[in-house]
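Dear colleague,

I am handing over a structure that you have not worked with before, and below it I have set out what was found. Please read the notes with the structure open beside them.

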Amino acid sequence: MEIIYFKEIDSTQKYLLNNLKDGRVVWSEKQNAGIGSRGNSWIGEEGNLFFSFSILKSRLPDDLPPQSISIYFMYQLKLYLSKLNSKVLFKWPNDLYLNGGKVGGALSTLKDNFVVVGIGLNTKQSSQFQKLDIDVNNKNLLLGYFDFITPFKKWKEIFRLYQIDFAKYPFYEDAKLYSDGSIEIDRKRRYGLR
């Protein structure tokens, strides 16, 4: 991975969408105009971890449904943080929660032959949300995460682990989880919260 650090940036996601390259990672600890899901902005307080990475679609596991790319990468971040003794929970389809408050989120964008994944994680502070429950160095966390997820595991392997967690956590008690990452609530199949 080629890793580029900015002391401050408007949005790591916007930067990568304009500078696509396979295996490129852009990160910062201060983001002024981050992109959140559903058209929202991600409020990025200084000192937290904001990063995006671009990958050729052809490098992704062949069994990974496109609508589950955010689940795939964010759930693996949850697994990695759990290895570091965090108690974070994964909330479908793309968020991390702790003590009922949001700690982080992910979004994925398909552009040309690339997937661009953006992740914001409150590692140090948050006035509106929750912060991570373990003390981490942002750069070390970033490097450890990429070591943890590469080489890319099959979707079925990640989904099997996620299925176990999904059944245990109360976020969507009456939901049915499908193998493509979608859920059914009130007899309606959902691929996201839009």
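Which element gives the most to the lining of the second largest cavity? Please keep in mind that this is a predicted model. The answer is H4, which contributes three residues to that lining.

To put this in context, the count comes to three cavities of 30 Å³ or more, and the second largest of them holds about 70 Å³ of space. Its lining is made up of Phe-90, Lys-91, Trp-92, Tyr-162, Asp-165, Phe-166, Tyr-169, Phe-171 and Tyr-172, and the elements that give two or more residues to it are strand S6 (89–91) and helix H4 (155–168). By residue class, the lining divides into seven nonpolar and two charged residues, with no polar ones.

The backbone also deserves a look. Most peptide bonds are trans, and most residues other than glycine have a negative phi. Against that background, the bond from Trp-92 to Pro-93 is cis, with omega near 5 degrees, and Pro-93 sits in the loop between S6 and strand S7 (95–98). The bond from Thr-150 to Pro-151 is cis too, with omega near -5 degrees, and Pro-151 lies in the loop between helix H3 (138–149) and H4.

Asp-186, although not a glycine, has a positive phi of about 50 degrees, and Arg-187 likewise has a positive phi, near 60 degrees. Asp-186 is in the loop between strand S11 (183–185) and strand S12 (188–190), where Arg-187 is found as well. Asp-186 counts as exposed because its relative accessibility is 71%, over the 50% cut-off, and Arg-187, at 80%, counts as exposed too.

With best wishes

Terms used: Residues numbered from 1 in each chain as written. Predicted model: local features only at pLDDT ≥ 70, side-chain atom pairs only at ≥ 80, totals over all residues. Heavy atoms only, no water. 1 Å grid on protein atoms, 1.4 Å probe; cavity = no way out; pocket = protein on both sides within 12 Å on 5 of 7 lines; lining within 4 Å. Points joined across faces, edges and corners; volume = space filled by probe spheres on them. Helix = DSSP H or I, 4+ residues; strand = E, 2+ residues; numbered from the N terminus. Nonpolar A, V, L, I, M, F, W, Y, C, P; charged D, E, K, R; others polar. Buried < 20%, exposed > 50% of the residue type's maximum accessible area, 1.4 Å probe, protein only.
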